[in-house]
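Open the model in your viewer and keep the selection tool at hand. The stops below say what to select and what is there.

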Amino acid sequence: DIVIVSDYDKGTLNERAVKIVKSQFGNSKLFADVKPENRSWFTSFYCIAPNYGEAVKMAKANNVSGLCHRIKKKLDLECIIVTLSENGLFVLDEQGKTCQLDAHVCRTLPERHHRIDVTGAGDTLLAVFALFRTSGVSTLNAVKAANAAAGIVVNKLGTSVCGIEELRLEVAGE
């Protein structure tokens, strides 16, 4: 039901591999974290989730909404999420509606650190969004859950995961 491709631009993933994924799993919802130089590989994916700097390299526009509209149209996507670091995220959904969410501030974590570690935040965001969206949750609610999950992992030091119980408690607190 879900295929998530993460392009870290380390040489493991190439255009041929993405074509194989598209041909073998074309009936699934395809999600990707892409590098700007490889963006053309991901045409007709369901959703991509670049960070703001990557989105700027993919399209020229005066604001994040313009970036999203241009990238979505150029790559024939259903939706796009652009992460904005400490400023949260911006989503352009399947119907062309936009929404910007502030970075999630965790309420339920037992320990807080003075520094934020963003390792894995984008991967967490995309995985949770894909899971919730493919499970039938609306785009807005799926992106809210994904934002909360990313907020949980950035408040942990090192590469971390967000457990389902952590996410359930965090989302229930909203």
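Select aspartate 102 and show the residues around it, leaving out neighbours within four places in sequence: the contacts are Asn87, Gly88 and Asn147. Bear in mind that this is a predicted model. Colour by secondary structure to place aspartate 102, which lies in the loop between strand E6 (98–101) and helix H4 (121–134). Is aspartate 102 buried or exposed? Its relative accessibility is 64%, so aspartate 102 counts as exposed, the cut-off for that class being over 50%. For a distance check, pick the C-alpha atoms of aspartate 102 and phenylalanine 132: they are separated by 19 Å, with the two positions 30 residues apart along the chain.

Next, select residues 139–154, helix H5, together with residues 164–172, helix H6. The two helices pack at an angle of about 115°, and their axes are 10 Å apart. Where H5 passes H6, the crossing is right-handed. Which residues meet there? On the H5 side, show Ala145, Ala148, Ala149 and Ile152; on the H6 side, show Glu166, Leu167, Glu170 and Val171.

Now turn to the surface and select Ile2, Ile4 and Leu131, which form a nonpolar patch. Together these three residues have about 230 Å² of accessible area. Within the patch, centre on isoleucine 2, located in strand E1 (residues 2–6). Isoleucine 2 has a relative accessible area of 32%, so it is classed as partly exposed, a label for values between the buried limit of under 20% and the exposed limit of over 50%.

Technical notes: Residues are numbered from 1 along each chain as its sequence is written. This is a predicted model: local features need pLDDT of at least 70, side-chain atom pairs count only at pLDDT 80 or more; totals for chains, interfaces and linings use all residues. Side-chain values use heavy atoms; hydrogens and water are left out. Patches are made of residues with over 30% relative accessible area and no salt bridge: like charges are joined within 9 Å, nonpolar side chains (Val, Leu, Ile, Met, Phe, Trp, Tyr) within 5 Å. Accessible areas come from the Shrake-Rupley method with a 1.4 Å probe; for residues, only the protein chains shown count as cover. A salt bridge is a side-chain nitrogen of Lys or Arg within 4 Å of a carboxyl oxygen of Asp or Glu. Helices (H or I, at least four residues) and strands (E, at least two) are DSSP runs, numbered from the N terminus. Buried means under 20% relative accessible area, exposed over 50%, partly exposed in between (1.4 Å probe, protein chains only). Axes are lines fitted to C-alpha atoms, for helices over the stretch in contact, and angles run from 0 to 180 degrees between N-to-C directions. A crossing is left-handed if the near helix is turned anticlockwise from the far one by less than a right angle, and right-handed if clockwise. Contact means heavy atoms within 4.5 Å.
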